Amino acid sequence: MAESAERSHPPLVLIANDQEWASRAVESILGPAGYAVLRAYTAEDALSRARSSQPDVVVLDARLPGMDGLAVCRTLRSDPRITPSTPIIITSSAPATRAQRLEALRAGACEYFGQPLDAEEFLLRLGAYVRAKYDADQAREAGIIDPPTGFYNMRGLARRARELGSAAFRNKAALGCVVIAPETADGTADPENVIRAAVDKLAELLQHSGRVSDAIGRLGPTEFAVIAPETDAEGMERMVERLSQALAQTNGRLKGVRLRAGYDTVNDLQKAALDPVDLLIHATSALRTARATPAEGLVRRFEGGLSLS
């Protein structure tokens, strides 16, 4: 069985091929072996589905409409949303040559399979790659750093929140947390790529504007959090305003991007008797509330009661 014992779902394989018969042939091998299959028929479709579904394996035809398979492979390898351990396999409707295999490896692919396709070898190699990916995923999840940005992940941010909270508790000092996410206005052209560029820019701004004492983390594809010692409500709102102004000064397609934020802060953590991680939870809930009630402003302070929507 291809499924790992630690996984509750079958491995997902994205097959990108504009030839229906070729996709069905590969799927007929994968299905009985316990894999789930997602299809794409063009290069653009393959990139979009890979980014949104984050498959366990990507199988690309060497000749895709819009962009050849090697170019798609190189694009995916440079995309932070696709983990480096995700196996990418190139297939061809013709016999594979040594030059083609080497070119595929240089592009970041794990294999280049031509015709005729040896189903047994294909499955054995695929199983080995999937097991290696799962091991890498588990190691990544057990860490505390978000690899693409170098910021803390959720686990690391929670640990750092308690460390900063310990100091704030001893000093009876303020502690605040803000969660920020970029969003596009209605009617923005190519919103997915605009948001991706905005996330990269926001990460850059946080890297250069954050204080040494702050803990910066990435909570999701578009959400960032800052835990800021000795920062009250006014300081939280000033931070968001500075970032918003810096983003607004960016030329090009980010002009229409705005920041939406939720935050919470206490003036005396010892008096508040609050777990510092609760500030992170509260700020995340406030961001959700701000998204659900856009007419009430871009920045929202936590007002009690958790938003789970």
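**Pockets, strands and ring pairs in a predicted model**

Helix 1 gives the most to the lining of the second largest pocket, with six residues. The model in question is a predicted one, and this pocket makes a handy way into it. Its volume comes to about 480 Å³. In total, 28 residues line the second largest pocket, and D61, A62, T91, S92 and S93 are the ones that lie nearest its centre. Two or more lining residues come from each of helix 1 (20–30), strand 3 (57–61), helix 4 (98–107) and strand 7 (111–113). Sorted by class, the lining of the second largest pocket is made up of 14 nonpolar, nine polar and five charged residues.

The largest pocket holds about 1,100 Å³ of space. It has 35 lining residues, with Q54, P80, R81, D146 and P148 the closest to its centre. Here the elements that give two or more residues to the lining are helix 5 and helix 7 (191–209). Of these, helix 7 supplies the largest share of the lining, six residues. The class count for the largest pocket reads 13 nonpolar, eight polar and 14 charged residues.

Stepping back to the whole chain, there are 10 helices and 12 strands. The C-alpha atoms fit in a box of roughly 70 × 45 × 35 Å along the principal axes. The chain has 309 residues, and 45% of them count as buried.

Strand 8 (residues 175–183) is a good place to see burial in detail, since nine of its nine residues are buried, which leaves the strand mostly covered. In a regular strand, side chains alternate between the two faces of the sheet. In strand 8, L175, C177, V179, A181 and E183 point one way, while G176, V178, I180 and P182 point the other way, and all are buried. The strand has two antiparallel partners to consider. With strand 10 (residues 224–229), strand 8 pairs in the antiparallel sense over six bridges. With strand 11 (residues 258–266), the pairing of strand 8 is again antiparallel, over nine bridges. C177 shows both pairings at the level of one residue: I227 stands opposite C177 in strand 10, and D264 stands opposite C177 in strand 11. C177 has a relative accessible area of 0%, so this residue counts as buried.

On the subject of cysteines, the structure holds zero disulfides. C73 is in no disulfide, and the nearest cysteine sulfur, that of C110, is 8.1 Å away. That separation can be set against the cut-off, which asks for cysteine sulfur atoms within 2.5 Å. C73 is buried as well, because its relative accessibility is 0%.

Aromatic rings come next. A pair of aromatic rings is described by the distance of the centres and the angle of the planes. The count for this structure comes to two aromatic pairs. One is formed by F113 and F122, with 5.4 Å centre to centre and 75 degrees between the planes, an edge-to-face arrangement. Both F113 and F122 are buried. The other pair is F151 and F224, with ring centres 6.0 Å apart and planes at 85 degrees, so this pair is edge-to-face too. The F151 and F224 pair links distant parts of the chain: F151 sits in the loop between helix 5 (119–142) and helix 6 (154–171), F224 sits in strand 10, and the two are 73 residues apart. Both F151 and F224 are buried. Strand 10, which holds F224, is also an antiparallel partner of strand 8.

A last stop is Y134, which lies in helix 5. The relative accessible area of Y134 is 2%, so Y134 counts as buried. S85 is 49 residues from Y134 along the chain, and the C-alpha atoms of the two are separated by 8.6 Å. Helix 5, where Y134 lies, is also one of the elements that give two or more residues to the lining of the largest pocket.

Definitions and conventions:
Residues are numbered from 1 along each chain as its sequence is written. This is a predicted model: local features need pLDDT of at least 70, side-chain atom pairs count only at pLDDT 80 or more; totals for chains, interfaces and linings use all residues. Side-chain values use heavy atoms; hydrogens and water are left out. Buried means under 20% relative accessible area, exposed over 50%, partly exposed in between (1.4 Å probe, protein chains only). Helices (H or I, at least four residues) and strands (E, at least two) are DSSP runs, numbered from the N terminus. Two strands pair if DSSP finds at least two bridges between them. Rings of Phe, Tyr and Trp (its six-membered ring) pair if their centres lie within 6.5 Å; planes under 30 degrees apart count as stacked, over 60 as edge-to-face and the rest as tilted. On a 1 Å grid over the protein atoms alone, a cavity is a set of points where a 1.4 Å probe fits but cannot get out, and a pocket is an open set with protein on both sides within 12 Å along at least five of seven lines; lining residues have an atom within 4 Å of a point. Grid points are joined across faces, edges and corners, and a volume is the space filled by probe spheres set on the points. Ala, Val, Leu, Ile, Met, Phe, Trp, Tyr, Cys and Pro count as nonpolar, Asp, Glu, Lys and Arg as charged, and the others, Gly among them, as polar.
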